[in-house]
Amino acid sequence: MHDLIAALPEGRVLTDPDVTESYARDRTFVPPGRPLGVVLAQTRDDVVTTLRWATENRVPVVPRGAGTGLAGGATATDGSVVLSLARMTAIRELSPQDEIAVVEPGVITADLDRAAREHGLMYAPDPSSYEISTIGGNLATNAGGLRCVKYGVTRDSALGLEVVLADGRILDTGRRTMKGVTGYDLTGLFVGSEGTLGVITAATLRLRRVPREVHTVAAEFMSLRDAAAAVSAIIAAGCQPSLLELMDRTTLEAIDDWKNIGLEPQTRAMLIAQCEGPPDEMAALCEETASFVAVSSTPEEAAELIGIRRLAYQAKERIGQCLVEDVCVPRSVLPDMISRIEEAAARHEVTIATVAHAGDGNLHPVFIFERGLAKPPAEVWAAADEVFRAALDLGGTLTGEHGVGLLKKRWLGLEAGPLVTELHQGIKQVFDPLGILNPGKAI
């Protein structure tokens, strides 16, 4: 550690255990290990120096953004160095002509979107944590967000990357163009790799034109299945929503207890939809099964409705500890998956609050348990096991956007299988032969 401190500018390395502990965990309950120290990288050279030192000394490195992850992916391991990229906040370039931005990993997602909007553009991926999460973390987990039903996940906006490999070499992947198929898609490989293959120090990202017209529809339903049926009807009709978010009664009660949104006793679910054109057809389809439908008349009203959805996770954290999952299933079986979640909650007598990026079948069942417990009780794990297996039974996946991290590793073999596992390990060996990059995570 003395060599690392000497090799970096003054103040870049923290070793006081009382300080480093705050960098050792993400937003989960997963207990962290004790790191040797924390590097507060401010430049690419800081990252290069750290990884060269780590390779020479066989020290594990845990890359970290804002620590907003929900799968344990940024949790420190014993004897590791946490490499924080939160101070690398430069927007190196924003080109309205090419509709791209080149940014460092510590840029807050919402800050990039605001910078783009000054030029009539937007950054499309918008996870619920967009005001506090970083671009680097979004890239590491291939984050989605509320607009992904129309614009896709982070990988769909990543054109190229600057990556520092485990031994300190610098790799440039991808391109600045909208198209390009030269060689293997290394950009796509790194996006979603959860810091196990390299450390992203810059990204060339695609920007989109801000739509001229946006309308938001909010609909209340007397059952979750009715709300899911409205989702299926909207998709089948070809409405092309830019946002389609579903919240169950438990989630709405948590928000209402906090913000007093006027929740009606009969409301069991709420659907918030947005379209970049006339909302009439989408509203009419909701009215077929909804108990109440409202359409925003001003941008301020639209923002208030979307704001309700963005409050969901914080509202749940107020009432207990949370095990957050994000299974994804084909949209056609969304009602079946919702029923399976409700059955698991009833069978194991646990509280599950569910929200969903319903337009792409990505559900977030949140298992809420007593605050102060070191880990979820057995009945929570049993219900989670049932939910994961149900998602796989219905042709789905264990994670749509949060990543595997540590929390989902116990189920990974059910989806990946032995051949995929072997290939994952082979890829890891090529990029990180010593196994020092975020060991024990993702694969």
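The following exercises, with worked solutions, concern the packing of two helices and two domains in a predicted model.

**Exercise 1.** Determine how helix α8 and helix α13 are oriented relative to each other.

*Solution.* Begin with the elements: α8 covers residues 224-236, and α13 covers residues 334-348. Their axes are 9 Å apart and make an angle of about 160°. Angles over 145 degrees count as roughly antiparallel. The two helices, α8 and α13, are therefore roughly antiparallel to each other. As to handedness, the crossing in which α8 passes α13 is right-handed.

**Exercise 2.** Identify the residues through which α8 and α13 meet, and state their chemical character.

*Solution.* On the α8 side, the residues are Leu224, Arg225, Ala228 and Val231. They meet Leu334, Pro335, Asp336, Ile338, Ser339 and Glu342 of α13. Sorted by character, the residues of this contact comprise six nonpolar, one polar and three charged.

**Exercise 3.** Describe the interface between domain 3 and domain 4.

*Solution.* First, locate the domains. The protein chain is divided into domain 1 (2-84), domain 2 (95-209), domain 3 (213-318) and domain 4 (320-402). Next, consider the separation: the C-alpha centres of domain 3 and domain 4 are 20 Å apart. Then turn to the contact itself, in which 19 residues of domain 3 touch 23 residues of domain 4. Between them, the two domains bury about 1700 Å², with 58% of this area on carbon and sulfur atoms. Finally, examine the contribution of individual residues. Arg225, Leu246 and Lys316 provide 32% of the area that domain 3 buries against domain 4, more than any other three residues. One of these, Arg225, also belongs to the α8 residues that meet α13.

Notes: Residues are numbered from 1 along each chain as its sequence is written. This is a predicted model: local features need pLDDT of at least 70, side-chain atom pairs count only at pLDDT 80 or more; totals for chains, interfaces and linings use all residues. Side-chain values use heavy atoms; hydrogens and water are left out. Axes are lines fitted to C-alpha atoms, for helices over the stretch in contact, and angles run from 0 to 180 degrees between N-to-C directions. Helices (H or I, at least four residues) and strands (E, at least two) are DSSP runs, numbered from the N terminus. Angles under 35 degrees count as roughly parallel, over 145 as roughly antiparallel, 65 to 115 as roughly perpendicular and the rest as oblique. A crossing is left-handed if the near helix is turned anticlockwise from the far one by less than a right angle, and right-handed if clockwise. Contact means heavy atoms within 4.5 Å. Ala, Val, Leu, Ile, Met, Phe, Trp, Tyr, Cys and Pro count as nonpolar, Asp, Glu, Lys and Arg as charged, and the others, Gly among them, as polar. Domain bounds come from an automatic or database domain assignment. Buried area is the accessible area (1.4 Å probe) that two parts lose on being put together, summed over both.
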